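Subject: Structure for your review

Dear colleague,

Please find below the structure that I am passing on to you. My notes on it follow.

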Amino acid sequence: MAYDITLILGDGIGPEVISCTVEIIEAAGVPINWQQVESGAKAVESVGTPLPDHAMDSIKKNKIALKGPLTTPIGGGF
């Protein structure tokens, strides 16, 4: 049985950190179906929010996510 896990790459260093983390988890032999969703700065540009509904729906469905760091706007937050 494989586990479905939402994968959020994040921004900045996020994709690099997540890539290494995924590699370690896969080397451990855990069967995972990674469900990558758009989030962070790219999602803000395309849909106006860092964590779009489709990302939240995936997290709610899978009940687990691996998330890299997301950009925080200077002088504010989300």
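A residue is called buried here when its relative accessible area is under 20%, exposed when that value is over 50%, and partly exposed in between. By this standard, 27% of the 78 residues of the protein chain count as buried. Please bear in mind that this is a predicted model.

Overall architecture

The protein chain has 3 helices and 3 strands, and along the sequence these follow the pattern β-α-β-α-α-β. Taken along the principal axes, the C-alpha atoms fill a box of roughly 40 × 25 × 15 Å. Of the contacts between residues at least 6 apart in sequence, 71% join residues at least 24 apart. The accessible surface of the chain comes to about 5100 Å², and carbon and sulfur atoms account for 59% of that area.

Helix α1

Helix α1 comprises the 14 residues 14-27. At 1.5 Å a residue the helix should span 20 Å, and its end C-alpha atoms are 20 Å apart, which agrees. Gly14, Ile18 and Val22 are buried in α1. These residues cover an arc of only 60 degrees around the axis, so they sit on the same side of the helix. The general geometry is familiar: an α-helix has 3.6 residues a turn, so residues three or four places apart point the same way. On the other side of α1, Glu16, Glu23, Ile24 and Ala27 are exposed.

Against which strands do the buried residues of α1 pack? Their partners are β1, β2 and β3, the last of these being residues 65-67. After the helix comes glycine 29, with a positive phi near 85 degrees.

Helix α3

Helix α3 runs over residues 53-62, and Ala55, Ser58 and Asn62 are buried in it. Viewed down the axis of α3, its buried residues fall within an arc of 60 degrees, and they therefore line one face of the helix. Asp53, Lys60 and Lys61 are exposed on the other side of α3. The cover over the buried residues of α3 includes β1 (3-8) and β2 (32-36).

Serine 58, which belongs to helix α3, may be taken as an example from the buried face. Its relative accessible area is 11%, and it is therefore buried. Setting aside neighbours within four places in sequence, serine 58 is in contact with Thr6, Gln35 and Val37.

The residue that follows α3 is lysine 63, found in the loop between α3 and β3. Its phi is near 65 degrees, a positive value in a residue other than glycine. As a general matter, most residues other than glycine have a negative phi. Lysine 63 has a relative accessible area of 70% and is therefore exposed. You may wish to look at this position in the display.

Glycine 10 and asparagine 33

Is glycine 10, in the loop between β1 and α1, buried or exposed? Its relative accessibility is 13%, so glycine 10 counts as buried. Apart from neighbours within four places in sequence, glycine 10 is in contact with Pro15, Ser39, Gly68, Pro69 and Leu70. Glycine 10 and isoleucine 64 are 54 residues apart along the chain, and their C-alpha atoms are separated by 16 Å.

Asparagine 33 is located in strand β2. With a relative accessibility of 38%, asparagine 33 falls between the two cut-offs and so counts as partly exposed. Not counting residues up to four places away in sequence, asparagine 33 touches Ala2, Tyr3, Asp4 and Ile5. Glycine 12 is 21 residues from asparagine 33 in sequence, and the two are 24 Å apart in space, C-alpha to C-alpha.

A nonpolar surface patch

Which residues make the nonpolar surface patch of about 370 Å²? They are Met1, Tyr3 and Val30. Methionine 1 lies in the segment before β1, and its relative accessibility of 82% means that methionine 1 counts as exposed. Tyr3, another member of the patch, is also among the residues that asparagine 33 touches.

Yours sincerely

Technical notes
Residues numbered from 1 in each chain as written. Predicted model: local features only at pLDDT ≥ 70, side-chain atom pairs only at ≥ 80, totals over all residues. Heavy atoms only, no water. Buried < 20%, exposed > 50% of the residue type's maximum accessible area, 1.4 Å probe, protein only. Helix = DSSP H or I, 4+ residues; strand = E, 2+ residues; numbered from the N terminus. Arc of directions from axis to C-beta. Contact = heavy atoms within 4.5 Å. Patch = residues over 30% accessible without salt bridge, like charges linked within 9 Å, V, L, I, M, F, W, Y side chains within 5 Å. Areas by Shrake-Rupley, 256 points an atom, 1.4 Å probe, with all protein chains shown as cover. Salt bridge = Lys/Arg side-chain N within 4 Å of Asp/Glu carboxyl O. Expected span 1.5 Å × (residues − 1).
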